[in-house]
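Here is a short tour of the inside of a protein model, written with a modeller's eye in mind. Have a look at the sequence and the coordinates, then read on.

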Amino acid sequence: MKTIITIGRQFGSGGKEVGIRVAKELGIPFYDKEILQEAAKKSGLCEKILENFDERPKSLLYSIAMDSYMFALPGTGAGDSLEQQVYLATFNTIRHIAEQGPCVIIGRCADYALAGNPNHLSVFIHAPLEDRVRRVARRQSLTPDKARTLISKTDKRRASYYEYYSSQRWGAVDSYDFCINSSFLGLSGTVELLRAMVEHKEHPVPSPTEADPGQA
């Protein structure tokens, strides 16, 4: 198996759970927060700093506050902002992980980092808002109104981060190989669909020869 699956997701869509289950069923590594741990080791940046900037849009005030904490990453200029260093550390770590073999990677512009990789399969998982509200409210013991607010803030943050660094639209059909509504088949069905996609990518079925129009 060679396929590297990247998953973008709306908050509350079950994208992370789908990723965990797909990785487990395929017997391949799963990366979410683990990316930050690897990036910290390779870049010399503090893991807490990576967490503070994780999938977050540029913040001028925070950047100014952190100006005293600056590291120059290999291959970058000394004048790079801390945010840029964090992004590059994450970007380089994602590409390094992908070189190690098949895996599932959640968020963090991973689809953009691996654009052009022939083994890459990019997916965006979404779901109707009310389904996401119910899932988040149940999972985090919140009222529906608070869950809806949390969903809105999280999705805006993820979209801002993705669109700033990738120059592509977060969640748009032309930014990914597939966009999947996890409510349509349920989480289990979505996992099975992803497995089928991987199987097809690994073992494509030749298209039948088109019939001669003159003999149709």
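## Helix 8

The expected span of a helix is 1.5 Å times one less than its number of residues. With that in hand, take helix 8 of this predicted model. Helix 8 has 23 residues and covers 32 Å from its first C-alpha to its last, close to the expected 33 Å. After helix 8 comes S167, which has a positive phi, near 60°.

Which residues of helix 8 are buried? They are A147, I151, T154, D155, R158, A159, Y161, Y162, Y165 and S166. As for partners, the buried residues of helix 8 pack against strand 1, helix 3, helix 5, helix 6 and helix 7 (129-140). Two of these buried residues, Y161 and Y162, come back in the cavities below.

## The largest cavity

How many cavities of 30 Å³ or more does the structure hold? There are two. The largest has a volume of about 100 Å³. It is lined by 15 residues, and those closest to its centre are F53, D54, R56, V86 and Y161.

Helix 3 (47-53), helix 5 (82-99) and helix 8 (144-166) are the elements that each give two or more residues to this lining. Helix 5 gives the most, with four residues. By chemistry, the lining of the largest cavity splits into eight nonpolar residues, one polar and six charged.

## The second largest cavity

The second largest cavity has a volume of about 80 Å³. Again 15 residues form the lining, and E55, G107, R108, C109 and Y162 are the closest to the centre.

Which elements supply at least two residues each to the lining of the second largest cavity? They are strand 1 (4-9), helix 6 (110-113) and helix 8. Strand 1 gives the most here, with four residues. The lining of the second largest cavity holds seven nonpolar, three polar and five charged residues.

## Cysteines

A disulfide is a covalent bond between the sulfur atoms of two cysteines. This structure holds zero disulfides.

Are C46 and C103 buried or partly exposed? C46 counts as partly exposed because its relative accessibility is 32%, within the range from 20% to 50% that this class covers. C103, at 1% relative accessibility, counts as buried, because the cut-off for that class is under 20%.

How values were computed. Residues numbered from 1 in each chain as written. Predicted model: local features only at pLDDT ≥ 70, side-chain atom pairs only at ≥ 80, totals over all residues. Heavy atoms only, no water. 1 Å grid on protein atoms, 1.4 Å probe; cavity = no way out; pocket = protein on both sides within 12 Å on 5 of 7 lines; lining within 4 Å. Points joined across faces, edges and corners; volume = space filled by probe spheres on them. Nonpolar A, V, L, I, M, F, W, Y, C, P; charged D, E, K, R; others polar. Disulfide = S-S within 2.5 Å. Buried < 20%, exposed > 50% of the residue type's maximum accessible area, 1.4 Å probe, protein only. Contact = heavy atoms within 4.5 Å.
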